Amino acid sequence: MQHPAVPDLSHTHARPIHWVATATALAAVVALSSVLQPDAATAAQTAAPEPKNAPAHLAPPDPAAVVFPLECGPVEALVHKKASGDLDGDGRPETVAVVHCDAPMGTPPDGVYVITRDAEGGKPRVVATLVNPRDRRTVTDFAVRDGAVHATLLGYSSADVPSCCPDVTDDVKWQWENGAFVRDTPSQARTV
(Lines give C-alpha, C1' and ligand atoms only; values in the text may rest on other atoms or scores of the structure.)
Protein backbone atom coordinates (compact mmCIF):
# COMPACT_ATOMS: atom_id res chain seq x y z
CA MET A 1 0.00 0.00 0.00
CA GLN A 2 1.29 3.39 -0.91
CA HIS A 3 0.91 6.27 1.57
CA PRO A 4 0.08 9.75 0.27
CA ALA A 5 2.80 12.41 0.48
CA VAL A 6 0.41 14.63 2.45
CA PRO A 7 -1.10 13.30 5.67
CA ASP A 8 -4.85 12.84 5.81
CA LEU A 9 -6.35 16.02 7.30
CA SER A 10 -9.99 15.00 7.17
CA HIS A 11 -10.22 15.28 10.97
CA THR A 12 -9.29 19.02 10.88
CA HIS A 13 -12.48 20.42 9.39
CA ALA A 14 -13.73 23.48 11.31
CA ARG A 15 -16.78 22.81 13.38
CA PRO A 16 -19.10 25.44 14.91
CA ILE A 17 -17.38 25.14 18.29
CA HIS A 18 -14.09 26.17 16.65
CA TRP A 19 -15.70 29.34 15.27
CA VAL A 20 -17.21 30.17 18.67
CA ALA A 21 -13.81 29.74 20.33
CA THR A 22 -12.13 31.95 17.71
CA ALA A 23 -14.79 34.67 18.07
CA THR A 24 -14.48 34.57 21.87
CA ALA A 25 -10.69 34.91 21.70
CA LEU A 26 -10.96 37.81 19.25
CA ALA A 27 -13.53 39.59 21.45
CA ALA A 28 -11.22 39.17 24.45
CA VAL A 29 -8.30 40.71 22.56
CA VAL A 30 -10.41 43.69 21.43
CA ALA A 31 -11.77 44.24 24.96
CA LEU A 32 -8.31 44.02 26.49
CA SER A 33 -6.85 46.45 23.95
CA SER A 34 -9.51 49.05 24.80
CA VAL A 35 -8.57 48.83 28.50
CA LEU A 36 -4.81 48.96 28.04
CA GLN A 37 -3.86 52.34 26.60
CA PRO A 38 -0.43 53.96 26.22
CA ASP A 39 0.55 56.76 28.60
CA ALA A 40 -0.32 60.32 27.62
CA ALA A 41 2.24 62.24 25.58
CA THR A 42 4.57 64.39 27.64
CA ALA A 43 6.32 66.48 25.00
CA ALA A 44 6.08 70.23 25.55
CA GLN A 45 7.07 73.27 23.56
CA THR A 46 9.84 75.39 24.92
CA ALA A 47 8.80 78.89 25.86
CA ALA A 48 10.08 81.83 23.88
CA PRO A 49 12.48 84.04 25.80
CA GLU A 50 10.72 86.83 27.65
CA PRO A 51 11.51 90.36 26.52
CA LYS A 52 13.65 92.50 28.80
CA ASN A 53 11.64 94.53 31.32
CA ALA A 54 8.78 92.05 30.95
CA PRO A 55 6.49 91.68 33.95
CA ALA A 56 6.26 88.38 35.77
CA HIS A 57 4.58 85.71 33.66
CA LEU A 58 0.84 86.24 33.48
CA ALA A 59 -1.70 83.78 32.18
CA PRO A 60 -3.66 85.00 29.15
CA PRO A 61 -7.01 86.58 30.05
CA ASP A 62 -9.85 84.07 30.27
CA PRO A 63 -12.79 84.87 27.92
CA ALA A 64 -15.16 83.16 30.39
CA ALA A 65 -14.54 86.04 32.83
CA VAL A 66 -15.71 88.72 30.36
CA VAL A 67 -19.13 90.07 29.41
CA PHE A 68 -19.05 90.63 25.64
CA PRO A 69 -20.84 93.57 23.98
CA LEU A 70 -23.18 91.19 22.19
CA GLU A 71 -27.00 91.23 22.23
CA CYS A 72 -28.14 87.60 22.43
CA GLY A 73 -31.64 87.92 23.86
CA PRO A 74 -32.65 84.81 25.82
CA VAL A 75 -29.57 82.77 24.79
CA GLU A 76 -26.01 83.16 26.02
CA ALA A 77 -22.87 84.31 24.23
CA LEU A 78 -20.67 81.36 23.28
CA VAL A 79 -16.89 81.57 22.83
CA HIS A 80 -16.46 79.59 19.62
CA LYS A 81 -12.67 79.96 19.24
CA LYS A 82 -9.88 81.65 21.16
CA ALA A 83 -6.15 82.26 20.80
CA SER A 84 -3.61 84.16 22.85
CA GLY A 85 -0.41 86.05 22.22
CA ASP A 86 1.35 89.33 22.92
CA LEU A 87 -0.27 91.62 20.36
CA ASP A 88 1.02 95.00 21.55
CA GLY A 89 4.59 94.05 22.49
CA ASP A 90 4.28 94.82 26.21
CA GLY A 91 5.25 91.30 27.31
CA ARG A 92 1.73 90.45 28.56
CA PRO A 93 -0.50 88.15 26.51
CA GLU A 94 -3.85 89.20 25.15
CA THR A 95 -6.64 86.79 24.23
CA VAL A 96 -8.65 87.10 21.04
CA ALA A 97 -12.07 85.43 21.16
CA VAL A 98 -14.50 84.56 18.37
CA VAL A 99 -17.94 84.82 19.97
CA HIS A 100 -21.51 84.33 18.77
CA CYS A 101 -24.94 83.85 20.29
CA ASP A 102 -25.68 80.23 21.17
CA ALA A 103 -28.70 80.06 18.84
CA PRO A 104 -30.62 76.77 18.68
CA MET A 105 -30.79 76.91 14.86
CA GLY A 106 -28.76 78.39 12.04
CA THR A 107 -25.32 79.96 12.13
CA PRO A 108 -25.35 83.26 13.99
CA PRO A 109 -22.76 85.87 12.95
CA ASP A 110 -19.48 86.06 14.85
CA GLY A 111 -17.87 88.88 16.76
CA VAL A 112 -14.10 88.99 17.27
CA TYR A 113 -12.93 90.66 20.48
CA VAL A 114 -9.52 91.41 22.02
CA ILE A 115 -9.32 90.85 25.78
CA THR A 116 -6.57 92.18 28.02
CA ARG A 117 -5.96 93.08 31.63
CA ASP A 118 -4.10 95.97 33.23
CA ALA A 119 -0.42 95.84 34.23
CA GLU A 120 -1.29 94.63 37.72
CA GLY A 121 -3.05 91.55 36.30
CA GLY A 122 -6.55 92.76 37.16
CA LYS A 123 -9.89 91.62 35.85
CA PRO A 124 -9.99 90.83 32.08
CA ARG A 125 -11.87 93.27 29.84
CA VAL A 126 -12.70 93.74 26.16
CA VAL A 127 -10.48 96.46 24.69
CA ALA A 128 -11.22 96.13 20.97
CA THR A 129 -13.85 94.77 18.59
CA LEU A 130 -12.23 93.50 15.40
CA VAL A 131 -15.41 92.09 13.83
CA ASN A 132 -18.83 93.36 14.84
CA PRO A 133 -21.65 90.76 14.64
CA ARG A 134 -23.83 93.37 12.92
CA ASP A 135 -21.54 92.97 9.88
CA ARG A 136 -22.97 89.42 9.40
CA ARG A 137 -19.58 87.70 9.18
CA THR A 138 -18.61 84.12 10.07
CA VAL A 139 -15.03 83.41 11.11
CA THR A 140 -13.51 80.20 9.75
CA ASP A 141 -9.69 80.01 9.90
CA PHE A 142 -8.44 81.88 12.96
CA ALA A 143 -5.02 82.23 14.62
CA VAL A 144 -2.77 84.58 16.58
CA ARG A 145 0.79 84.43 15.30
CA ASP A 146 3.74 86.78 14.96
CA GLY A 147 1.95 89.44 17.02
CA ALA A 148 -1.04 89.61 14.66
CA VAL A 149 -4.57 88.22 14.44
CA HIS A 150 -5.26 86.26 11.24
CA ALA A 151 -8.75 85.19 10.15
CA THR A 152 -10.84 84.17 7.18
CA LEU A 153 -14.22 85.88 7.13
CA LEU A 154 -17.26 84.65 5.20
CA GLY A 155 -19.79 87.33 4.31
CA TYR A 156 -22.32 88.59 1.83
CA SER A 157 -22.03 90.80 -1.24
CA SER A 158 -25.49 92.32 -0.61
CA ALA A 159 -28.46 92.13 1.75
CA ASP A 160 -30.25 90.03 -0.89
CA VAL A 161 -27.90 87.04 -0.38
CA PRO A 162 -29.56 84.44 1.89
CA SER A 163 -27.96 83.90 5.31
CA CYS A 164 -27.37 80.25 4.49
CA CYS A 165 -25.06 80.98 1.62
CA PRO A 166 -22.23 83.49 2.17
CA ASP A 167 -20.76 84.49 -1.17
CA VAL A 168 -17.67 86.53 -0.19
CA THR A 169 -14.47 85.37 1.52
CA ASP A 170 -11.90 87.77 3.03
CA ASP A 171 -8.50 86.77 4.40
CA VAL A 172 -7.68 89.49 6.92
CA LYS A 173 -5.02 90.37 9.45
CA TRP A 174 -5.06 92.86 12.34
CA GLN A 175 -1.81 94.27 13.72
CA TRP A 176 -1.26 96.68 16.61
CA GLU A 177 0.12 99.96 15.19
CA ASN A 178 0.30 103.37 16.87
CA GLY A 179 -2.12 102.48 19.67
CA ALA A 180 -4.82 100.76 17.57
CA PHE A 181 -5.52 97.55 15.69
CA VAL A 182 -5.09 98.15 11.96
CA ARG A 183 -6.82 95.81 9.53
CA ASP A 184 -4.90 94.59 6.53
CA THR A 185 -6.39 92.45 3.77
CA PRO A 186 -3.47 90.42 2.38
CA SER A 187 -5.54 89.22 -0.57
CA GLN A 188 -8.50 90.82 -2.26
CA ALA A 189 -11.97 89.63 -1.29
CA ARG A 190 -13.00 86.69 -3.41
CA THR A 191 -16.35 85.23 -4.30
CA VAL A 192 -17.11 81.78 -2.96
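In this predicted model, Asp146 lies in the loop between strand E5 (138–145) and strand E6 (148–155). The phi angle of Asp146 is near 55 degrees, a positive value in a residue other than glycine. Most residues other than glycine have a negative phi. Asp146 is also exposed, since its relative accessible area is 73%. In space, the C-alpha atom of Asp146 is 8.4 Å from that of Gly85, although the two residues are 61 positions apart in sequence. Gly85 is found in strand E1 and is buried, with a relative accessible area of 16%. Apart from its neighbours within four places in sequence, Gly85 is in contact with Pro93, Glu94 and Val144.

A positive phi is also found at Asn178, which is not a glycine and has a value of about 50 degrees. Asn178 belongs to the loop between E7 and E8, and a relative accessible area of 83% places this residue among those that count as exposed. The two strands on either side of the loop form a hairpin with 2 residues between them. Strand E7 (residues 168–177) and strand E8 (residues 180–184) run antiparallel and are joined by 5 bridges. Within this pairing, Lys173 has Asp184 in E8 as its bridge partner.

The hairpin also contributes to the aromatic pairs, of which the structure holds 2. In one of them, the ring centres of Phe68 and Tyr113 are 5.4 Å apart and the ring planes meet at 40 degrees, so the pair is classed as tilted. This pair links distant parts of the chain, as Phe68 is in the loop between H1 and E1 whereas Tyr113 is in strand E3 (residues 111–116), 45 residues apart. Both Phe68 and Tyr113 are buried. An edge-to-face pair is formed by Trp176 and Phe181, with 4.9 Å from centre to centre and 70 degrees between the planes. Trp176 is partly exposed, with a relative accessible area of 33%. A ring also takes part in an arrangement of another kind: the charged end of Arg136 sits over the ring of Tyr156, 4.1 Å from the ring centre.

The nonpolar interior was examined next. The largest nonpolar core has 18 residues, and those that touch the most other members are Val96, Leu130, Phe142, Val149 and Trp174. At least two residues of this core are supplied by each of E2, E3, strand E4 (125–131), E5, E6 and E7. For Trp174, the contacts beyond four places in sequence are Leu130, Val131, Ala148, Val149, Ala151, Leu153, Phe181, Val182 and Arg183. A second core, separate from the largest, consists of 9 residues, including Leu70, Ala97, Val99 and Ile115. In a regular strand, side chains alternate between the two faces of the sheet.

Covalent links between side chains were also identified. A disulfide is a covalent bond between the sulfur atoms of two cysteines. The count of disulfides comes to 2. With bonded cysteines counted along the chain, the pattern is 1-2, 3-4. One disulfide joins Cys72 to Cys101, with an S to S distance of 2.1 Å. This link is left-handed, with -85 degrees about the S-S bond. Cys72 lies in the loop between helix H1 (16–35) and strand E1 (77–85), while Cys101 lies in strand E2 (residues 94–101), so the disulfide ties together parts that are 29 residues apart in sequence. Cys72 is buried, with a relative accessible area of 14%, and Cys101 is likewise buried at 14%.

The other disulfide joins Cys164 to Cys165, with an S to S distance of 2.4 Å. The torsion about this S-S bond is about -65 degrees, so the link between Cys164 and Cys165 is left-handed. Cys164 counts as exposed because its relative accessibility is 62%, whereas Cys165 is partly exposed at 38%.

How values were computed:
Residues numbered from 1 in each chain as written. Predicted model: local features only at pLDDT ≥ 70, side-chain atom pairs only at ≥ 80, totals over all residues. Heavy atoms only, no water. Pairing = 2+ DSSP bridges. Helix = DSSP H or I, 4+ residues; strand = E, 2+ residues; numbered from the N terminus. Disulfide = S-S within 2.5 Å. Buried < 20%, exposed > 50% of the residue type's maximum accessible area, 1.4 Å probe, protein only. Contact = heavy atoms within 4.5 Å. Phe/Tyr/Trp six-rings, centres within 6.5 Å; stacked < 30°, edge-to-face > 60°. Lys NZ or Arg CZ within 6 Å of the ring centre and 35° of its normal. Core = buried A, V, L, I, M, F, W, Y, C linked by side-chain atoms within 4.5 Å.
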